[in-house]
Amino acid sequence: MVGAVKSENNQKAKQFKSYLITHGKGTEMAKCSYCDKGVSFGIKVSHSHRRSNRMWKPNIKRVAAVVDGSPRRVHVCTRCLRDGKVVRA
Ligand SMILES: [Zn+2]
């Protein structure tokens, strides 16, 4: 039973994802330019177990970094910043 609910949830999340992408609703800018980490989708479940679709955005920061030898403004996730993948300008 639990498995059935899960697969149903997954399908709903996929539908929500394709809806957002085809309507261009704020999924593109929330992307790391180093590791391509982007938004992910799932379902919000309230205390009364009503379910609605939701989206998680990665923690993206706009930083000055050295790209091809010149300083640039890039959108980087905080994990890439922490792991030192970004050379700060
Ligand atoms: Zn990243």
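Which residue in β4 is the bridge partner of I60? Here are some friendly notes on the structure, with that one answered under point 4.

1. **What kind of model this is.** Please keep in mind that this is a predicted model. The average pLDDT of the protein is 86, and 85% of the residues reach a score of at least 70. Confidence varies by element: α1 has the lowest mean, 69, while helix α2, residues 78-82, has the highest, 96. When you look at α1, then, do remember that mean of 69.

2. **Overall layout.** The protein has 2 helices and 4 strands. Read from the N terminus, their order is α-β-β-β-β-α. Of its 89 residues, 8% count as buried. Among contacts with a separation of 6 or more, 39% are between residues 24 or more positions apart.

3. **The β1 and β2 hairpin.** Strand β1 covers residues 40-45, and β2 covers residues 51-56. The two strands run antiparallel and are joined by 6 bridges. If you would like one pair to find on screen, take F41, whose bridge partner in β2 is M55. There are 5 residues between the strands of this hairpin, and H49 has a positive phi near 65°. Strand β1 is hardly covered, with 0 buried residues among its 6.

4. **The β3 and β4 hairpin.** Now to the opening question: I60 has C77 as its bridge partner in β4. Strands β3 and β4 pair in the antiparallel sense, over 8 bridges. β3 spans residues 60-67 and β4 spans residues 70-77. Another pair worth locating is V67, which stands opposite S70 in β4. The hairpin has 2 residues between its strands.

5. **The nonpolar core.** The largest nonpolar core consists of 7 residues, namely C32, I60, A65, V76, C77, C80 and V86. Strands β3 and β4 each supply at least two residues of this core. As background, nonpolar side chains in soluble globular proteins tend to be buried together. I60 makes a handy starting point for exploring the core: apart from neighbours within four places in sequence, I60 is in contact with A30, C32, H75, V76 and C77. C77 thus appears in the picture as a core member, as a contact of I60 and as the bridge partner of I60.

6. **V66 in strand β3.** V66 is found in β3. Is this residue buried or partly exposed? V66 counts as partly exposed because 13 other C-beta atoms lie within 10 Å, whereas a buried residue needs 20 or more. Beyond its neighbours within four places in sequence, V66 is in contact with P71, V87 and A89. V66 and V86 are 20 residues apart in sequence, with a C-alpha to C-alpha distance of 7.8 Å. V86 is one of the residues of the largest nonpolar core. For anyone tracing side chains along β3, a general reminder may help: in a regular strand the side chains alternate between the two faces of the sheet.

7. **L20 in helix α1.** L20 lies in α1, which covers residues 2-22. Because L20 has 16 C-beta neighbours inside 10 Å, L20 counts as partly exposed. L20 and M55 are separated by 35 residues in sequence, and their C-alpha atoms are 9.6 Å apart in space. M55 is also the partner of F41 in the first hairpin described above.

8. **Two aspartates with positive phi.** D36 and D68 both deserve a look. D36 is a residue other than glycine, yet its phi is positive, near 65°. D36 sits in the loop between α1 and β1 and is exposed, because only 8 other C-beta atoms lie within 10 Å. D68 is not a glycine either, and its positive phi is about 55°. D68 belongs to the loop between β3 and β4, in the turn of that hairpin. Why does D68 count as exposed? The reason is that D68 has 5 C-beta neighbours inside 10 Å, and a residue with 12 or fewer is exposed.

Notes:
Residues are numbered from 1 along each chain as its sequence is written. This is a predicted model: local features need pLDDT of at least 70, side-chain atom pairs count only at pLDDT 80 or more; totals for chains, interfaces and linings use all residues. A nonpolar core is a set of buried Ala, Val, Leu, Ile, Met, Phe, Trp, Tyr and Cys residues joined through C-beta atoms within 7 Å. Two residues are in contact if their C-beta atoms, placed from the backbone, lie within 7 Å. pLDDT is the predictor's confidence in each residue, from 0 to 100. Two strands pair if DSSP finds at least two bridges between them.
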